[in-house]
Amino acid sequence: MKAAGISDIGKCRKNNEDAYYMAEEGAPLRHLYIVADGMGGCNAGEVASQSAIAAFLDYVKEEHEDQELSDLLAGAFQAANKAVFDQSNSALEFAEMGTTMVAAVIDQPRAYVAHVGDSRAYLMQKGELQLLTTDHSYVMELVKMGTITKEEAAMHPKRNIITRAVGIKDTVETDMTVVSVQKGDLLLLCTDGLSGMLSDEELTEILRQKQSVKKKAKLLVEAANLRGGYDNISLILIEI
């Protein structure tokens, strides 16, 4: 397993509200990866993403030996939600803060992916890119209703409005996906600072290159910044 993680401030933001985590050797849960995109006034977004990941990891440390992976991820999201929600109600400076989050555990031959918000997970298998997650966003609701197309959603002025996030309410609904993976597959977790800047075709072109995982990750960030870098750009790229 090879993995590379990057969190870049982008070209327009004054601070980086994203955060990510990659399990190191000896971690309670091997091959766990998390990407979060915080939101809120002042530095609250930065606090939300970091607090969510910290609470997620605390839960995993306590519960990883007693639960199935799907249940473990769902429970960890609830723990992260409670931590951010409680903190947001503890001080005015943290009011209404929250974060999107996508997490994956690779337990071959499967990958378990859970998410809340519009941070995404993609799987590249045999050169073909598949989006594993569905954005919890206003424009995706319009797509589901048939009001607009996916192409129109990508350019919609309200495409950044999300309908679900960690820490906004006292509980959160987490979407879960389990997929089969095999040697040579690529799993990409990212914030909308990447997916909102590059099309699936552009992502595919970079991921197909005969480069190292680390180099591909850098190329993705560079491409998003060349497009304007309007948001923080964070990603984890894993090669099975």
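This dialogue walks through several features of a predicted model.

Reader: Start with the cysteines. What is a disulfide, in general terms?

Author: A disulfide is a covalent bond between the sulfur atoms of two cysteines.

Reader: How many disulfides does a search of the whole structure find?

Author: Zero. Take Cys12. Its closest cysteine sulfur belongs to Cys190, 18 Å away, and that is too far for a bond. The cut-off for a disulfide is 2.5 Å between the sulfur atoms. From the side of Cys190, the closest cysteine sulfur is in Cys12, again at 18 Å and too far for a bond.

Reader: Are Cys12 and Cys190 buried or exposed?

Author: Cys12 is partly exposed, at 44% relative accessibility. Cys190 is buried, at 0%.

Reader: Now the cores. What is the general idea?

Author: In soluble globular proteins, nonpolar side chains tend to be buried together. Here the largest nonpolar core holds 32 residues. Leu32, Ile34, Phe56, Leu73, Phe77, Met101 and Val166 touch the most other members.

Reader: Which elements each supply at least two residues of this core?

Author: There are strands and helices on that list. The strands are S2 (18–22), S3 (32–39), S4 (98–107) and S5 (110–116). The helices are H1 (44–63) and H2 (69–88).

Reader: Pick one residue. What does Leu73 touch, not counting residues up to four places away in sequence?

Author: Leu73 touches Leu32, Phe56, Ala103, Val105, Tyr112, Ala114 and Met176.

Reader: What does the second, separate core include?

Author: That core has 23 residues, among them Ile6, Tyr122, Cys190 and Ala223. You met Cys190 above as a buried cysteine.

Reader: Next, helix packing. How do I describe it?

Author: Two packed helices are described by the angle between their axes and the distance between the axes. Look at H6 (residues 200–207) and H7 (residues 213–226). Their packing angle is about 145 degrees, and the axes lie 9 Å apart. The crossing of H6 and H7 is right-handed.

Reader: Which residues make the contact?

Author: H6 contributes Leu203, Ile206 and Leu207. H7 contributes Lys216, Leu219, Leu220 and Ala223. By type, the contact of H6 with H7 has six nonpolar residues, one charged and no polar. Ala223 of H7 also appears in the second core.

Reader: Turn to the backbone. Where is there a cis peptide bond?

Author: Between Gln108 and Pro109, with omega of about 15 degrees. Pro109 sits in the loop between S4 and S5. Pro109 is partly exposed, at 47% relative accessibility.

Reader: What does Pro109 touch, leaving out residues up to four places away in sequence?

Author: Val179, Ser180 and Val181. For a contrast in position, try Ile148. Its C-alpha atom is 37 Å from that of Pro109, with the two positions 39 residues apart along the chain.

Reader: Which residue in the loop between H2 and S4 should I check?

Author: Glu96. Its phi is positive, about 65 degrees, although Glu96 is not a glycine. Glu96 is exposed, with a relative accessible area of 72%.

Reader: And what about Lys126?

Author: Lys126 has a positive phi of about 55 degrees and is not a glycine either. Its place is the loop between S6 (120–125) and S7 (128–131). Lys126 is exposed, at 74% relative accessibility.

Reader: Back inside. Where is Leu189?

Author: In strand S9, residues 186–190. Leu189 is buried, at 0% relative accessibility.

Reader: How do I read contacts between residues far apart in sequence?

Author: Set sequence separation beside distance in space. Leu189 and Val102 are 87 residues apart along the chain, and their C-alpha atoms are separated by 6.9 Å. Val102 is one of the residues that Leu189 touches. The list also includes Tyr33, Ile34, Val35, Ala104, Arg120 and Ala121, along with Ser234, Leu235 and Ile236.

Reader: One last residue. Is Asn81 buried or exposed?

Author: Asn81 is buried, with a relative accessible area of 0%. Its place is in helix H2. Not counting residues up to four places away in sequence, Asn81 touches Ala165, Val166, Gly167, Ile168, Lys169, Asp170, Thr171 and Val172. Val166 belongs to the largest nonpolar core.

Methods
Residues are numbered from 1 along each chain as its sequence is written. This is a predicted model: local features need pLDDT of at least 70, side-chain atom pairs count only at pLDDT 80 or more; totals for chains, interfaces and linings use all residues. Side-chain values use heavy atoms; hydrogens and water are left out. Buried means under 20% relative accessible area, exposed over 50%, partly exposed in between (1.4 Å probe, protein chains only). Axes are lines fitted to C-alpha atoms, for helices over the stretch in contact, and angles run from 0 to 180 degrees between N-to-C directions. Helices (H or I, at least four residues) and strands (E, at least two) are DSSP runs, numbered from the N terminus. A crossing is left-handed if the near helix is turned anticlockwise from the far one by less than a right angle, and right-handed if clockwise. Contact means heavy atoms within 4.5 Å. Ala, Val, Leu, Ile, Met, Phe, Trp, Tyr, Cys and Pro count as nonpolar, Asp, Glu, Lys and Arg as charged, and the others, Gly among them, as polar. A nonpolar core is a set of buried Ala, Val, Leu, Ile, Met, Phe, Trp, Tyr and Cys residues joined through side-chain atoms within 4.5 Å.
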